[in-house]
Amino acid sequence: MRFVIDAATLASINFLLGLAIVTIYKGTRIINFALPGVMLFTAYLTVTVSGLMPLPLALLLGLGVAALLGAATFYLGIYPILGRPTYVGILTTVAIGFMLESIVTIVWKAGIVNLDLPSATFSVAGQSIRSAEAAIWATAVIVGAAFGILYRYTRLGLWLAATADNSLLARHRGIPVLVVLLLSSMVAAALAYAVGLLLGARLGVTMALGSTALRGLVVALVGGLDSVPGAALAAIILAVIESAVVIHDPRLATVVPYVVLLFILVWRPWGLLGTYEEVERI
Amino acid sequence: MVAVSPYLSTHYRARLYLLNTPAWRWLVIATLIVAALPPLLFSVYYVSLLNLVLIACIGAIGLNITTGFAGQVNLGQAGFLLIGEFVAGVISIHLGPIWANFWIAAPAAMAAGGLIGVLVGWPALRVRGLYVALATLAAFFVIQHLGLRYVEYLTRTYKTGIDIKLSTLDLLFLKVESERSWYFLLLIITVLVIAAANGLVRTKAGRAWQALREHELMTQVMGVNVAQYKLIAFAVGASLAALAGMLFGFYHHTVNPEAFTVEASVEYLAMIIIGGMGSIAGAVLGAIFVVLVPYGLQWLLDTFEAPAQFLVYFSALRLGVFAFLMLIFLLLEPEGLIGLWQRVRTFFVLWPFRFRPLEAKRQ
């Protein structure tokens, strides 16, 4: 039972992180390596300001900063290099991410700080479940459903799909492509922020959040970079494997997702549910 | 006979000379003489800094071949360095302090690096761009994990303690112990690597890599075996990294996987981006810049009496500065320091004109 709870929590986190990567990839064809940095920065910032103002206000401020950082990532790391070779996009976002990480280390001294969210513990079927865990599940389900609806039923979703498919044609049809891309970048950053908060509420905010955020890349790639259901599937599979391994060998468990990723890249590079044509194969 | 100008060759072989003008030859000879001077002029501390620069040069040239020339982003260069260090560890611990171990360690490290490079490059055959970068990152984590396991095994089985002590590098006729002898050994190796790399990028493989970087599909259409040259690029880059890692291990007398993190890989990327992607001289310049700038930074902090936490978290500050410079160079000067230099040179070569005759204004 404990196993199921841990796996479900891990799966939810994986899914949210994967979703952040997928959201931005769908529009720009760029993987945002800056998300770990955004996550660390906003999580630490929120903890600090929550001591100065009421909690809801602090959370809102954190969200605003996350969206700003998302926009900054877009304008500095993604927009100027659209049309240049892919590897430039990887490198600019990597650079932005590490800049943020470095700022966090120096300002917050790489310490562990606790985020004081109201918490409670309740028991279901003899197992105690912390409210932080329940919050993670709820967020994953709500966000997943919201994205499903967004992509399938709304105009914005249609715009996103059109931009992803062929941005030149999309622009011809009058879709504000830049606004769409900027929005998806901000939403991805906000997602990273949410995960940072949820993880911080559960285990405390530490520098290790950064390496957790890298997990999102693995989830997105295993599931298929342009597929939301794929991200969900991959999140569950990876979480189950990892939770099973962590019992035997905790250190091996941190490597397992990457082994799965290497296997997927060789066997099925477009991911479990990704579009086949997505990968320009040689 | 060497032509006076690279544009005025009298026979076809002349176009193949690496040092194709007298000016180049004299420049190289002068550089070599200047490079041989530091151990005679400077104190041991500065020589040790230069040793680190030289080791970084080798790794950066390797990365520039994989990433700068062939366009395959490698986020796991530190992993390949780690492999070199393990070869050093294996040789000096399992074989003991044997005679002339350099001549075993160097080929072994390069072979091991090349082999693992091909293995890591394997997924790159199926995918491109983003996926390659992720594959190298994933491979890096796997290598790092295996590395930590191996160190654990060493400390348990061989009772080496946490600080694994490697034997001294032995060159048949000389034991490399002092900083000065290290400097000369590293200088010779680096010069050889620079010469070899400069030759290599002018071969068929080098041309294939550059074509691959610019347009992969077109390269394949022209009949180039893309898969083969991708693997070669990974193998060459990784074997140079492993060579650098092997030297690093013997230089510090230890095997320490914790020194090779994702951040170390990013520093190597910073070297080639700041120095100049797709240029061997750029990799050298970048290595000099990235290794020496932190010391300048430290001096600045000391002079201006910056808050203590900048010094405590100096490695983070260093990384932040490099990340910032990477971004600036990527956005404003993608050719790197070498590009800046070429621009200055072109300005003086063409003065008082701004453009080459008969050449339309670029852009």
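# Reasoning through a predicted two-chain model

Mentor: Read along its sequence, chain A of this predicted model follows the pattern α-α-α-α-β-β-α-α-α-α-α-α-α, and its secondary structure comes to 11 helices and two strands.

Trainee: How do you know that the radius of gyration of chain A agrees with that of a compact globule?

Mentor: Because a compact globule with 282 residues would have a radius of gyration near 19 Å, and chain A has 18 Å, the value agrees with the rule. Along the principal axes, the C-alpha trace of chain A spans about 55 × 45 × 35 Å. Buried residues make up 51% of the 282 residues in chain A, and among the contacts with a separation of 6 or more, 75% are between residues 24 or more positions apart.

Trainee: Why is A:Leu19 called buried?

Mentor: A residue counts as buried if 20 or more other C-beta atoms lie within 10 Å of its own; A:Leu19 has 27 of them within that distance, and therefore it is buried. The residue sits in helix α1 of chain A, which covers residues 2-28.

Trainee: What does A:Leu19 touch, if residues up to four places away in sequence are not counted?

Mentor: With those set aside, A:Leu19 touches A:Val143, A:Phe147, A:Leu191, A:Val228 and A:Ala231. To take one of these pairs, A:Leu19 and A:Phe147 are 128 residues apart in sequence, while their C-alpha atoms are 8.8 Å apart in space.

Trainee: A:Ser227 is in a loop, between α9 and α10 (228-248) of chain A, so why does it count as buried?

Mentor: The class rests on the neighbour count: A:Ser227 has 22 C-beta neighbours inside 10 Å, and because the cut-off is 20 or more, this residue counts as buried. Leaving aside its neighbours within four places in sequence, A:Ser227 is in contact with A:Val22, A:Gly271, A:Leu273 and A:Gly274. As for A:Leu158, that residue and A:Ser227 are 69 residues apart in sequence and 15 Å apart in space, C-alpha to C-alpha.

Trainee: And what makes B:His253 partly exposed?

Mentor: B:His253 has 15 C-beta neighbours inside 10 Å; since 20 or more would make a residue buried and 12 or fewer would make it exposed, B:His253 counts as partly exposed. Its place is in the loop of chain B between α10 (226-252) and α11 (262-275).

Trainee: What is the sign of phi at B:His253?

Mentor: Phi of B:His253 is positive, near 60°, in a residue other than glycine. Most residues other than glycine have a negative phi, and most peptide bonds are trans. On the second point, chain B also has a cis peptide bond, which joins B:Trp351 and B:Pro352 with an omega of about 10°, and B:Pro352 is found in the segment after α15 (336-350).

Trainee: How do you know that chain A and chain B touch?

Mentor: The criterion is C-beta atoms within 7 Å, and on that basis 35 residues of chain A are in contact with 39 residues of chain B. On the side of chain A that touches chain B, the elements giving two or more residues are α4 (86-108), α9 (209-223) and α11 (250-267), and the largest share, 15 residues, comes from α4(A). The residues of this side divide into 28 nonpolar, four polar and three charged.

Trainee: Which residues does A:Leu261 touch, not counting residues up to four places away in sequence?

Mentor: A:Leu261 touches A:Val218, A:Leu221, A:Val222, B:Leu134 and B:Ala138. In the largest nonpolar core, which has 203 residues, A:Leu261 is listed with A:Leu16, A:Ala192, B:Ala242 and B:Met326 as touching the most other members. The element that gives the most to this core is α10(B), with 18 residues.

Trainee: How is chain B divided into domains?

Mentor: Chain B is divided into domain 1 (1-36) and domain 2 (37-350), whose centres, taken over C-alpha atoms, are separated by 28 Å. Four residues of domain 1 are in contact with four residues of domain 2, and on the domain 1 side of that contact the residues divide into four nonpolar, no polar and no charged.

Trainee: What confidence values does the predictor give for the complex?

Mentor: The complex has an ipTM of 0.85 and a pTM of 0.87, while chain B averages a pLDDT of 86, with 94% of the residues scoring at least 70.

Technical notes:
Residues numbered from 1 in each chain as written. Chains lettered and ligands numbered in written order. Predicted model: local features only at pLDDT ≥ 70, side-chain atom pairs only at ≥ 80, totals over all residues. Helix = DSSP H or I, 4+ residues; strand = E, 2+ residues; numbered from the N terminus. Contact = placed C-beta atoms within 7 Å. Nonpolar A, V, L, I, M, F, W, Y, C, P; charged D, E, K, R; others polar. Domains from an automatic or database assignment. Core = buried A, V, L, I, M, F, W, Y, C linked by C-beta atoms within 7 Å. pLDDT = per-residue confidence, 0-100. Rg over C-alpha atoms; globule rule 2.2 N^0.38 Å.
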